[in-house]
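Work through the exercises below with the sequence and the 3D view open. Try each task before reading its solution.

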Amino acid sequence: MKHYSGMLDRAEQEALVSELRLAVAKAPLFIPLMPRTGRPFSVRMTNLGSLGWVSDRNGYRYQGLHPDVGTPWPPMPQAVLDIWSKVSGYKQPPEACLVNFYQGGAKMGLHQDKDEEDFSAPVVSISLGDTAVFRFGGTERGGKTSTLKLASGDVLVMGGESRLCFHGIDRVNVGTSTLLKEGGRINLTLRRVTKPNIGNS
Ligand code: MD3
Ligand code: FE
């Protein structure tokens, strides 16, 4: 795991938020539901790129179309692709950029990211807006955990051993950033999804 504190300056953060506002106008935030129970997540989501992560009563999966509007996900901003190139150490570009929007007490329980076919690629996360308390542990549920604050402009790279660690967001500290006029936090999570094509790199 690598934490790049303050990788994006204020102007870069503002430019990225402007691009995200345009994308969300085309691919609206949706409220994912837990598989089986149908319980709603407290985080709202959308996606950018060729594949997007969705969750509903039928399960978790990646798909090419927005679940509500039925159109392809908007493209990833170039700034996002540039961050992946700088920090991922992976030759191919990300296929999915999950946009998580935290507002009004939203949090995310401890989980592993296991819905991808390719675990050799890292997951890259970009934080914007209010500071979050990120919790992470080992690869077994119930082990020891630690916390790390993720502030606006921070980039986190989860590769190697850390790729399959349990992690979540305990809380978002309201009023810790002026980036988003209405407050809250945006997290962008960049991922490779499909099987690596061995020998083609
Ligand atoms: C550690 N998102 O979308 S980002 C998720 O802030 C997710 O919205 C959180 O967990 C958020 O799945 C945490 C940091 C992060 C992202 C992916 C990881 C940490 C990770 C994948 C593996 C291990
Ligand atoms: Fe996750």
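## Exercise 1: The iron site

The iron ion (ligand 2) has the protein donors H111 (NE2), D113 (OD) and H167 (NE2), lying 2.1 to 2.2 Å from it. Bear in mind that the model is predicted.

**Task.** Work out how the donor residues of the iron ion (ligand 2) are spaced in sequence. Then decide whether D113 is buried or exposed.

**Solution.**
- Step 1. Read the donors along the chain: the spacing is H-x1-D-x53-H.
- Step 2. Fix the cut-off: buried means under 20% relative accessible area.
- Step 3. D113 has 9% relative accessibility, so D113 counts as buried.
- Step 4. Compare H111, which has a relative accessible area of 23% and is partly exposed.

## Exercise 2: The sheet

**Task.** Find the order of the six strands in the open sheet. Which strands stand at its edges?

**Solution.**
- Step 1. Trace the strands across the sheet: the order is β1-β10-β7-β12-β5-β2, with antiparallel pairing.
- Step 2. β1 (2–4) and β2 (44–49) each have a single partner strand, so they stand at the edges, and one side of each lacks a neighbour in the sheet.
- Step 3. From one strand to the next, the twist averages 20°.
- Step 4. Look at one pair in detail. Strands β5 (residues 96–102) and β12 (residues 185–191) run antiparallel and are joined by seven bridges.
- Step 5. Within this pair, L98 is opposite T189 of β12.

## Exercise 3: Helices on the sheet

**Task.** Which strands does helix α1 touch? Which strands does helix α2 lie across?

**Solution.**
- Step 1. Helix α1 (residues 10–26) packs on the sheet and touches β2, β7 (123–129) and β12.
- Step 2. The direction of α1 makes about 100° with that of β7.
- Step 3. Helix α2 (residues 78–87) lies across β1, β7, β10 (155–158) and β12.
- Step 4. Helix α2 runs at about 130° to β7.

## Exercise 4: Salt bridges

**Task.** How many salt bridges does the model hold? Place the pairs R10 and E14, R192 and E95, and R191 and E116 in the fold.

**Solution.**
- Step 1. Apply the cut-off: a side-chain nitrogen of Lys or Arg within 4 Å of a carboxyl oxygen of Asp or Glu. The count comes to seven salt bridges.
- Step 2. Take R10 and E14. Their side chains meet at 2.8 Å, N to O. Both residues lie in helix α1, four residues apart, about one turn of the helix. R10 is partly exposed at 37% relative accessible area, and E14 is partly exposed at 37%.
- Step 3. Take R192 and E95, whose side chains meet at 3.7 Å, N to O. R192 is in the segment after β12 and E95 in the loop between α2 and β5; the pair links parts of the chain 97 residues apart. R192 is buried at 10% relative accessibility, and E95 is buried at 11%.
- Step 4. Take R191 and E116, with the closest N and O atoms 3.4 Å apart. R191 lies in strand β12 and E116 in the loop between β6 (108–111) and β7, so this salt bridge ties together parts 75 residues apart in sequence. R191 counts as buried at 6% relative accessibility, and E116 counts as buried at 6%.
- Step 5. Follow the shared partners: salt bridges join D113, E116, R163 and R191 into one network. D113 is also one of the protein donors of the iron ion (ligand 2).

Terms used:
Residues are numbered from 1 along each chain as its sequence is written. Chains are lettered from A and ligands numbered from 1 in the order in which they are written. This is a predicted model: local features need pLDDT of at least 70, side-chain atom pairs count only at pLDDT 80 or more; totals for chains, interfaces and linings use all residues. Side-chain values use heavy atoms; hydrogens and water are left out. Two strands pair if DSSP finds at least two bridges between them. Helices (H or I, at least four residues) and strands (E, at least two) are DSSP runs, numbered from the N terminus. Axes are lines fitted to C-alpha atoms, for helices over the stretch in contact, and angles run from 0 to 180 degrees between N-to-C directions. Contact means heavy atoms within 4.5 Å. Donors are N, O and S atoms within 2.8 Å of the metal (3.2 Å for Na, K and Ca); water is not among the atoms, so sites may look incomplete. Buried means under 20% relative accessible area, exposed over 50%, partly exposed in between (1.4 Å probe, protein chains only).
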